[in-house]
Amino acid sequence: MLALSFACLLSLVFMVYSSYLIYVHWTYRHIPGPKRDNFFSGNYPLLQREGKRGKILHEVVEDLRVNYGPVMVIWIYHRPILFVSDPEVARKCLVTLNLPKNSFGAKNFAFPYGQRFVGNGLVTELDHEVWQKHRSLLNPAFHRRYLMNLMTAFNSSCDLFLNKLDEMADGKTVVDMAEEFARVTMDVIGKVAFDVDLDVIIDKNSPFPAALTETLKGVQESFFAPFWQVDLSSISVQKRLSKTTKFLRDYAKKVIQERQEAISRKDDTPSDILNHILFVAKAEPSLTLEYLVDEFVTFFVAGQETTSNQLSFTLYEILKHPYIEDRIVQEIETVLGSCQFVKYNDLGNLLYLGQTLKEGLRLHSPVGGTSRITVKEEDLGGYLVPGNTSVSVSLFVLHHLPEVWPEPKKFDPDRFSPESKISSNALRSAYFPFSFGPRTCIGQTFAQFEAQVLMARLLQEFELTLLEGQNEIQHEQRLTVKPRGGVLCTIKRRGDNQR
């Protein structure tokens, strides 16, 4: 009798869920998109097949755009996601309508598998008024005027980075520059933002890189595990994630509390980003210790991942195009001469290097897209989109549009030169590696400073050669987009330069 009742209950649940799916499919029937592989799993099998072929989600979207247009719906199980890759529609979503953050994506990043990771930091805060208040409080710490006083810290981390590379600069040792960039960017954030030495450049056994990699892997998997509460196969992932998130958050809490104690003792403390945050936190009750940990981890993760991937992809392209490398090296010699220190005023004079880094962000966007949600029914690209629809604005596809970027797969830093024929309007609508609109990335100036200093100092002192066989770099999605297999090089000193 009990078994029969349970079977009846399961049948009822199945019928209700199936009816719900029929209704949702019908609601979005007018919006183009690929045929669903399965009534229940939607287009997820398609994404899995393409993933096995080495394609990330937004590369699949780029392919599908040819047949279904710049506004299409893709089904992940029962969830319809509207992918947008039209410049004007993207601007409408992010600026005109200022659509709110998608709670599904934000919560998965903030609390993957129910574990608090970045919590309610600026990237994941859903309440716009709360976000706006916190953003205004934190903005001064990331302003150019503030960061320009931290150039010594940027160069200090760079010195450690170059010293380590010097030990391997025999022209024979194979070095994965993607891994080295991951370590130095982590060190930069620690030193410049929080005045802590993570020792990740020198110490191969430092727990931070592994903890961050494992955490991001778990976050990525959580996006495709809608039934994780009852999925026993994900328990091991959840346990590893719990351990690594606890490690990162406990470390952040320790650093914050030690600084708070130093401030209360009136010790001399560095004028860094953490000091500013703690200063404004004194007068703002909403900036609790738990929230401060959220922001610490948010900036630590977002800043390290995106910048290290930008540097990795850009270095690969520079080394694939010797004439670009020669032009950058000549510019560095003109601006820096024999000085092994990049000053703030030097950044504005490294024009071609700046263009090259921008082109790296265009061709290999570290962030594939940004997710929003419709509050009510909206006209997007000529289609009436129901309220409560997940909208993914594909930065990756927008950065490759042939109607905006001639020969979009070509690496050409001159696209961003003052003489470029690409209109400023096109650039505003189809190029936004740090997102677009009110919620643009607070750390973009920090990232630009860091990338220019590291790349300038690296190419000033070393010649790097790609290992044979790296003919075409592939993308790998681990929350952010990174080079699959790394960037393998040999290194030797550039001429007779001596540090």
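# Strands, helices and salt bridges in a predicted model

Good morning. I begin with a hairpin: strands S9 and S10 have one residue between them, and that residue, Leu479, takes a positive phi near 75 degrees. Strands here are DSSP runs of E with at least two residues, helices are runs of H or I with at least four residues, and both are numbered from the N terminus.

Before going on, a word on the source. This is a predicted model, in which local features need pLDDT of at least 70 and side-chain atom pairs count only at pLDDT 80 or more, while totals for chains, interfaces and linings use all residues. Residues are numbered from 1 along each chain as its sequence is written, and side-chain values use heavy atoms, with hydrogens and water left out.

Let us return to the hairpin. Strand S9 covers residues 475-478 and strand S10 covers residues 480-483; the two run antiparallel and are joined by four bridges. Two strands count as paired if DSSP finds at least two bridges between them. Within this pair, Glu476 stands opposite Lys482 in S10.

The next topic is a sheet. In what order do the three strands of the open sheet stand? The order is S3-S11-S8, with antiparallel pairing. Strand S3 (175-176) and strand S8 (462-466) stand at the edges with a single partner strand each, so one side of each is left without a neighbour in the sheet. S3 and S11 are paired over two bridges in the antiparallel sense. Here Val175 has Cys489 in S11 as its bridge partner, and Asp176 stands opposite Leu488 in S11. On the other side of the sheet's order, S8 and S11 pair over five bridges, also in the antiparallel sense. One position to look at is Leu464, which stands opposite Ile491 in S11.

Which helices accompany this sheet? Helix H8, residues 151-166, lies across S3, S8 and S11 and runs at about 60 degrees to S8. Helix H13, residues 289-320, packs on the sheet and touches S8 and S11, its direction making about 85 degrees with that of S8. For these angles, axes are lines fitted to C-alpha atoms, for helices over the stretch in contact, and the angles run from 0 to 180 degrees between N-to-C directions. Contact means heavy atoms within 4.5 Å.

I now turn to charged side chains. Side chains of opposite charge can pair when their charged atoms come close. A salt bridge is defined as a side-chain nitrogen of Lys or Arg within 4 Å of a carboxyl oxygen of Asp or Glu. How many salt bridges does the structure hold? The structure holds 31.

One of them joins the side chains of Glu179 and Arg183, at 3.6 Å from N to O. Both residues lie in helix H9 (residues 177-194), four residues apart, which is about one turn of the helix. Are these two residues buried or exposed? Buried means under 20% relative accessible area, exposed means over 50%, and partly exposed lies in between, with a 1.4 Å probe and protein chains only. Glu179, at 40% relative accessibility, is therefore partly exposed, whereas Arg183 is buried at 7%.

Another salt bridge within a helix links Arg362 and Glu359, at 2.8 Å from N to O. These residues both belong to helix H16 (residues 351-363) and are three residues apart, about one turn of the helix. Arg362 is buried, with a relative accessible area of 0%, and Glu359 counts as buried at 0%.

A further salt bridge connects the side chains of Arg494 and Glu325, at 3.1 Å from N to O. Arg494 lies in the segment after strand S11 (488-493) and Glu325 in helix H14 (residues 322-336), so the pair ties together parts that are 169 residues apart in sequence. Arg494 is buried at 15% relative accessible area, and Glu325 is buried at 11%. There is also a network of salt bridges linking Arg116, Arg249, Lys253, Glu290 and Asp294.

To close, consider Ala106, which is found in helix H5 (residues 103-110). Ala106 counts as buried, at 8% relative accessibility. Leaving aside its neighbours within four places in sequence, Ala106 is in contact with Thr124 and Leu126. Ala106 and Arg372 are 266 residues apart in sequence, and their C-alpha atoms are 9.4 Å apart in space. Thank you for your attention.
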